[in-house]
Amino acid sequence: MLNLFIKRNGMVVRESIHSIEAIEVSADILWIDLLHPSAQEIAYISKTYLLDIPTKEEREEIEESARYWESSETVTINTYFLTRPNEENTLHNETITFLITHNILFTVRYSEFKVFDEIQQRVLASPKNFEDGFDLIAKIFELRVEKDADMLESIAKQTRLLRRAVVFDKKLGDDILENLSILQEMHLSLRDSLFDKRLAIAALLRTNKADLEVKKGLGIVLKDINSLVEFTNVNMNILDNIQTLFSSQINIEQNKTIKIFTVVTVAMMPPTLIATIYGMNFQHMPELEWTYSYPIVLGVMIISTVLPILYFKKKKWL
């Protein structure tokens, strides 16, 4: 589906196009948002506006030259936007393609993003603030970085809670290790997204196609990204510290368990030695004459094996 934003009489109107035959080429077009575009729609837009829209493989390349390039008339940007599939505790980076030619912004995306809904509402409500595609892309990056900051704040809160659970509450278990791994993955995804947007914004600041007002706004966004990157690195160091503390506590608990086993073993050595030497050397052993002495001994052996296992499980050593 294509969403067209067209300037008319000082206003901006939105038209949702479900068929490429309904698209009318106009100099008043401000933004064409391609959401889940088909191959026919991509081909039509490429041919009509003389654009080289990146393929799926090109969109995922990580070289700097594949993330940003520009020609005499077109600026092309591939950059990461974070998504949270099914509201799970995972973050995924999806590449969004931005193209600006003749002051028209083209966006190619295959997922819904709240930031696009918000920017569309702003365009319709305040059309005077968006004269061309560079105004749009600057505002999109600004809103996206704000969302990233909120996400980082939430993840940092979870990190502090996890550290408290490990350091002060002395909690151990697979759930702690799982939460630690999840937070590390989320920080890595967030940092990759910030790095990628920083690259794109730094390149936009060097282009001569954007005006000074746009570059001023992008400069502020770039400073925000740098501060978020530093904050992300601090949180990742905290997570490394939590992992170290967690490993140390596990080692301490294991040492306690080994100490108990050692004490029990040492305590049982003297009677075991005595029983080994003298246990079968008595002439009178009443148990030998019992009818059920053998199954009784087998039962005692089974009980003596099961009881320690139950005790170890209660202590969470197993």
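Strand E3 is mostly covered in this predicted model: 7 of its 7 residues are buried. It is a convenient place to start, since several threads of the structure can be picked up here. On one side, strand E1 (residues 2-8) and E3 pair in the antiparallel sense over 5 bridges, with Leu 2 standing opposite Leu 34 of E3. E3 also pairs with E7, this time in the parallel sense and again over 5 bridges. In that pairing, Asp 33 has Thr 107 of E7 as its bridge partner.

Stepping back from E3, the sheet is open and holds 7 strands in the order E2-E1-E3-E7-E6-E5-E4, with mixed pairing. Strand E2 (11-17) and strand E4 (68-70) stand at the edges; each has a single partner strand, so one side of each is left without a neighbour in the sheet. On average, neighbouring strands of this sheet are turned by 20° against each other, direction ignored. Further along the order, strand E6 (residues 92-101) and strand E7 (residues 104-109) pair in the antiparallel sense over 5 bridges, and Thr 97 finds its bridge partner in Val 108 of E7. Helix H6 (residues 174-206) lies across E4, strand E5 (74-83) and E6, and runs at about 160° to E5.

For the protein as a whole, the secondary structure comes to 8 helices and 7 strands. Buried residues account for 37% of the 318 residues. Of the contacts between residues at least 6 apart in sequence, 63% join residues at least 24 apart. The exposed area is about 19,300 Å², and carbon and sulfur atoms supply 57% of it.

Next comes the packing of nonpolar side chains. In soluble globular proteins, such side chains tend to be buried together. Here the largest nonpolar core has 55 residues, and Trp 31, Phe 81, Phe 98, Phe 116 and Leu 204 touch the most other members. The elements that give two or more residues to this core are strand E3 (29-35), E5, E6, helix H4 (114-125), helix H5 (133-167), H6 and helix H7 (212-278). H5 provides the largest share, 14 residues. A second, separate core of 16 residues includes Leu 4, Leu 34, Leu 51 and Ile 53. Leu 34 thus appears in this second core as well as opposite Leu 2 in the pairing described above.

Phe 116 offers a helpful close-up of the packing. Leaving aside its neighbours within four places in sequence, Phe 116 is in contact with Trp 31, Asp 33, Phe 81, Ile 96, Phe 98, Thr 107, Arg 109 and Ile 140. Two of these partners, Asp 33 and Thr 107, are also the bridge partners that link E3 and E7.

The aromatic residues add another layer to the picture. The count comes to 9 aromatic pairs. Phe 5 and Trp 31 form a stacked pair, 4.9 Å centre to centre with 20° between the planes. This pair links distant parts of the chain, with Phe 5 in strand E1 and Trp 31 in strand E3, 26 residues apart. Phe 5 counts as buried at 0% relative accessibility, and Trp 31 is buried with a relative accessible area of 0%. The rings of Phe 98 and Phe 116 have centres 6.4 Å apart and planes at 15°, so this pair is stacked. Because Phe 98 lies in strand E6 and Phe 116 in helix H4, the pair ties together parts that are 18 residues apart in sequence. Both Phe 98 and Phe 116 are buried. These residues belong to one aromatic cluster formed by Phe 5, Trp 31, Phe 81, Phe 98, Phe 113, Phe 116 and Phe 141.

Finally, the backbone has two residues worth a look. Most residues other than glycine have a negative phi. His 36, which is not a glycine, has a positive phi of about 50°. His 36 is found in the loop between E3 and helix H1 (39-49), and at 44% relative accessibility it counts as partly exposed. Asn 103 likewise has a positive phi, near 65°. Asn 103 is found in the loop between E6 and E7, and is partly exposed with a relative accessible area of 42%.

Conventions. Residues numbered from 1 in each chain as written. Predicted model: local features only at pLDDT ≥ 70, side-chain atom pairs only at ≥ 80, totals over all residues. Heavy atoms only, no water. Pairing = 2+ DSSP bridges. Helix = DSSP H or I, 4+ residues; strand = E, 2+ residues; numbered from the N terminus. Axes fitted to C-alpha atoms, helices over the stretch in contact; angles between N-to-C directions. Contact = heavy atoms within 4.5 Å. Buried < 20%, exposed > 50% of the residue type's maximum accessible area, 1.4 Å probe, protein only. Areas by Shrake-Rupley, 256 points an atom, 1.4 Å probe, with all protein chains shown as cover. Core = buried A, V, L, I, M, F, W, Y, C linked by side-chain atoms within 4.5 Å. Phe/Tyr/Trp six-rings, centres within 6.5 Å; stacked < 30°, edge-to-face > 60°.
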